Amino acid sequence: MDSSAALYNQLKSADPFFLLAGPNVIESEEHIFTMAKHIKAISTRMGLPLVFKSSFDKANRTSSKSFRGPGLIEGLKILEKVKLAYDIPIVTDVHESIQCEEVGKVADIIQIPAFLCRQTDLLVAAAKTGKIINIKKGQFCAPSVMENSAEKVRLAGNPNVMVCERGTMFGYNDLIVDPRNFEWMRDANCPVVSQSSVDFFSRLKYMLLLISHIHYNSLLLDGGGVASGGLRELIPCIARTAVAVGVDGIFMEVHDDPRNAPVDGPTQWPLRHLEELLEELVAIAPVVYLKRVSKGKKHMEIDLTPYRE
């Protein structure tokens with residue numbers, strides 16, 4: 001069994017769930033190493049399989065003035081160093097087909113951004129790396145769309161695909177997480193990840209079924225501002241819901257100093273509270289997973305015949 005298949009099977013069988021977590025974007029090598037050290041220590045204490053996340057380039061920023069990260073070459077060098085230093089798998093995102101081959105040399109999971117979830121050429125290029133592919137559901141998409149996106153990856157010869165719920169636009173500048181999507185996205189026949197986050201042009205992240213990122217995203221503030229806005233205080237609510245429904249993984253963006261993060265600070269969960277939140281989620285999980293609940297993977301049989309005494 002190759003390394004991608006082995007990791008994929010480990011994540012699928014994670015009990016109670018796996019964790020994708022890290023800062024939104026690479027700020028510096030020192031910062032990435034600090035975050036990886038602490039997040040790995042916490043996930044190890046909690047017994048949760050960890051995939052460390054950070055982006056080398058946030059190419060879909062609201063403003064051209066926003067911080068984007070160190071770029072492909074330098075960013076991959078940093079991610080490779082932290083991967084080796086802490087012996088942890090890595091997930092990072094791509095925005096162009098031409099990036100996939102190089103990213104696949106370092107990343108264990110290649111993430112497809114929500115805005116690009118239907119881009120066939122990008123999905124196929126990512127799939128051909130042989131790495132696990134995590135597809136974020138577009139904010140504009142019905143959950144059924146993810147069946148087709150996942151199938152594009154499989155038809156390219158890669159069975160290791162998962163989908164992530166990150167919320168649905170509900171009018172302007174408001175992203176809503178609909179728990180029904182956790183169930184419906186199971187039809188893509190792959191793990192569901194939930195992204196735990198709340199944004200105002202909010203980006204919530206996904207299910208393997210990852211539950212969508214528990215986090216964030218951009219709000220173009222009145223007066224031309226470029227800072228991101230979000231509702232960090234609702235992250236626990238979204239995470240609890242996702243675990244109760246039975247997602248396979250939780251995606252969280254985490255920061256040691258979110259008020260001073262260069263991007264998406266309001267949608268990143270404080271590192272100092274990560275273990276506290278995970279303890280609560282792990283406490284919820286046994287109720288879900290040990291008492292005849294099938295992680296949402298089996299539909300309950302409903303008998304509609306008239307009830308008789």
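**Helix packing and local details**

Visitor: Which residues in α3 are met by residues in α2?
Guide: Helices here are DSSP runs of H or I with at least four residues, and strands are runs of E with at least two, both numbered from the N terminus. Counting heavy atoms within 4.5 Å as contact, Glu-29, Ile-32, Phe-33, Ala-36, Lys-37 and Lys-40 in α2 meet Ile-78, Lys-81, Val-82, Ala-85 and Tyr-86 in α3.

Visitor: What kind of model is this?
Guide: Residues are numbered from 1 along each chain as its sequence is written, and side-chain values use heavy atoms, leaving out hydrogens and water. Local features need pLDDT of at least 70, side-chain atom pairs count only at pLDDT 80 or more, and totals for chains, interfaces and linings use all residues, as this model is predicted.

Visitor: How many charged residues does the contact of α2 with α3 have?
Guide: Residues 29–46 form α2 and residues 72–86 form α3; they pack at about 35°, with axes 10 Å apart. By class (nonpolar: Ala, Val, Leu, Ile, Met, Phe, Trp, Tyr, Cys, Pro; charged: Asp, Glu, Lys, Arg; polar: the others, Gly among them), the contact has seven nonpolar residues, no polar ones and, for charged residues, four.

Visitor: Is α5 parallel or oblique to α6?
Guide: Axes are lines fitted to C-alpha atoms over the stretch in contact, with angles from 0 to 180 degrees between N-to-C directions. The axes of α5 (120–127) and α6 (145–155) come within 8 Å and cross at roughly 45°. Angles under 35 degrees count as roughly parallel, over 145 as roughly antiparallel and 65 to 115 as roughly perpendicular, the rest being oblique, so α5 relative to α6 is oblique.

Visitor: How far is the charged end of Lys-136 from the centre of the ring of Phe-251?
Guide: A charge sits over a ring if NZ of Lys or CZ of Arg is within 6 Å of the ring centre and within 35 degrees of the ring normal. Lys-136 sits over the ring of Phe-251 in this way, at 5.1 Å.

Visitor: Which residue is joined to Asp-15 by a cis peptide bond?
Guide: Its place is in the loop between α1 (3–12) and β1 (18–22). With omega about 10°, the partner is Pro-16.

Visitor: What is the phi of Asp-87?
Guide: Asp-87 lies in the loop between α3 and β3 (90–93). Although Asp-87 is not a glycine, its phi is positive, about 50°.
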